[in-house]
Amino acid sequence: MDRIDQYAKATMSEQSERPSNTSSVSPERQSAIATLIQQTRSLSSLPLSVGNELAFAVQTWTVALEDIPDHMLGPAWKRATKEHDWSKPFPAHALMPAYKALLLEDREKRQTLGGRRRDDTTRCRYCDDTGYVPIATYCPTGNEWYYPVYGCQCAATPISQRQAVQVRDCWERDDRGRWVPTSASESPKCRCAFCLRGGGR
Ligand SMILES: [Zn+2]
Ligand SMILES: [Zn+2]
């Protein structure tokens, strides 16, 4: 009973010096765990725990639940007690599978949210929501391809800068993300000074 007395003394005393094995457990966490113990006893139709018995229970639960962060103690307890068969005792360890289930659900929720956000931000396959589409363009005057950037027709582009240049879905993109028409005849019309003056191709 020496250890229990020691522990009880440590938890009751106001002094900052505590035995090293409890120094990492805050008074808030200890009191939260004590509350869960009492609530559990209440659900089990047991009298509330007092004195050394409570201090011992807090110590047991503190060790059993050391992997559960403060803010998850309550939710894990709630979930574990909801599914518990109250004709049987409720051990502190029952919180662990409940805690892990909560973590898993949280991760799945975040992945779903992340996936949805990704879909939203890259809804334009032509410009990747940059607003501008680089398209390989053939210049008949110079007899060469070059890579001007066109204002996309999607919402990422200011209305005044949208250009009626249609990317065809059969075109491929090169390793720099530029759209490449299948042939010169599919190229956007060259707008260079020479072609404009000469009336284009
Ligand atoms: Zn676009
Ligand atoms: Zn040209």
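**Entry 1. Zinc ion (ligand 1)**

I count as donors the N, O and S atoms within 2.8 Å of the metal. The model I am reading is a predicted one. With that cut-off, I looked up which residues hold the zinc ion (ligand 1), and found C124, C127, C152 and C154, each through SG, at 2.2 to 2.4 Å. I then checked the geometry: the angles among the four donor atoms run from 105 to 118°, and the site is tetrahedral. For comparison I noted the ideal angle for four tetrahedral donors, 109.5 degrees.

Along the sequence I read the donor spacing as C-x2-C-x24-C-x1-C. I placed C127 in the loop between α5 and β1 (132–134), and C154 in the loop between β4 (149–151) and β5 (172–173); the pair therefore ties together parts 27 residues apart in sequence. I also asked whether these two cysteines are buried or exposed. Both C127 and C154 are buried.

**Entry 2. Zinc ion (ligand 2)**

I repeated the search for the zinc ion (ligand 2). Its donors are the SG atoms of C139, C190, C192 and C195, at 2.1 to 2.4 Å. The angles at this ion are 101 to 120°, which makes the arrangement tetrahedral. The spacing here reads C-x50-C-x1-C-x2-C. I traced one pair across the chain: C139 sits in strand β2 (residues 137–139) and C192 in the loop between β6 (179–180) and α6 (193–198), 53 residues apart. C139 has a relative accessible area of 7%, so I list C139 as buried.

**Entry 3. Loop between α5 and β1**

I went back to the loop that carries C127 and looked at backbone angles. D128 is in this loop, and its phi is positive, near 55°, though D128 is not a glycine. D129 is in the loop between α5 and β1 as well, with a positive phi of about 65°. I noted that most residues other than glycine have a negative phi. For accessibility I have D128 at 40%, which counts as partly exposed, and D129 at 25%, also partly exposed.

**Entry 4. Overall layout**

I listed six helices and six strands in the protein. In sequence order I read the pattern as α-α-α-α-α-β-β-β-β-β-β-α. I looked up how much of the protein is buried: 34% of its 201 residues. Among contacts with a separation of 6 or more, 52% are between residues 24 or more positions apart.

**Entry 5. Nonpolar cores**

Which residues have the most contacts inside the largest nonpolar core? I found I37, W61, L65, I68 and L95, in a core of 23 residues. The elements giving two or more residues to this core are α2 (27–43), α3 (51–64), α4 and α5 (95–121). I took I68 as a sample and left aside its neighbours within four places in sequence; the residues in contact with I68 are R29, L73, A76, L95, M96 and Y99.

Apart from the largest core I found another, of eleven residues, with C127, Y150, C154 and V165 among them. C127 and C154 are thus listed twice in this notebook, here as core members and in Entry 1 as zinc donors.

**Entry 6. Helix α4**

I went through helix α4 (residues 70–82) for burial. The buried residues are M72, L73, A76, W77, A80 and T81. Viewed down the axis of α4, they fall within an arc of 155°, so they line one face of the helix. I noted the general rule that an α-helix has 3.6 residues a turn, so residues three or four places apart point the same way. On the face of α4 turned away from the buried side I found the exposed residues H71, K78 and K82.

**Entry 7. Helix α2 and R41**

I checked the length of α2. Its 17 residues should span 24 Å at 1.5 Å a residue, and the end C-alpha atoms are 24 Å apart, which agrees. The buried residues of α2 are R29, Q30, I33, A34, L36, I37, Q38, T40 and R41. After α2 comes S45, whose phi is positive, near 60°.

I then looked up R41, which lies in helix α2. Its relative accessibility is 19%, so R41 counts as buried; the cut-off is under 20%. Neighbours within four places aside, R41 is in contact with L46, P47, L48, S49 and E53. I also recorded the C-alpha to C-alpha distance from R41 to F90, 8.7 Å, for a pair 49 residues apart in sequence.

Note on methods
Residues numbered from 1 in each chain as written. Chains lettered and ligands numbered in written order. Predicted model: local features only at pLDDT ≥ 70, side-chain atom pairs only at ≥ 80, totals over all residues. Heavy atoms only, no water. Donors = N, O, S within 2.8 Å, 3.2 Å for Na, K, Ca; no water. Tetrahedral: all angles 85-135°; square planar, octahedral: opposite > 155°, others 65-115°. Helix = DSSP H or I, 4+ residues; strand = E, 2+ residues; numbered from the N terminus. Buried < 20%, exposed > 50% of the residue type's maximum accessible area, 1.4 Å probe, protein only. Arc of directions from axis to C-beta. Core = buried A, V, L, I, M, F, W, Y, C linked by side-chain atoms within 4.5 Å. Contact = heavy atoms within 4.5 Å. Expected span 1.5 Å × (residues − 1).
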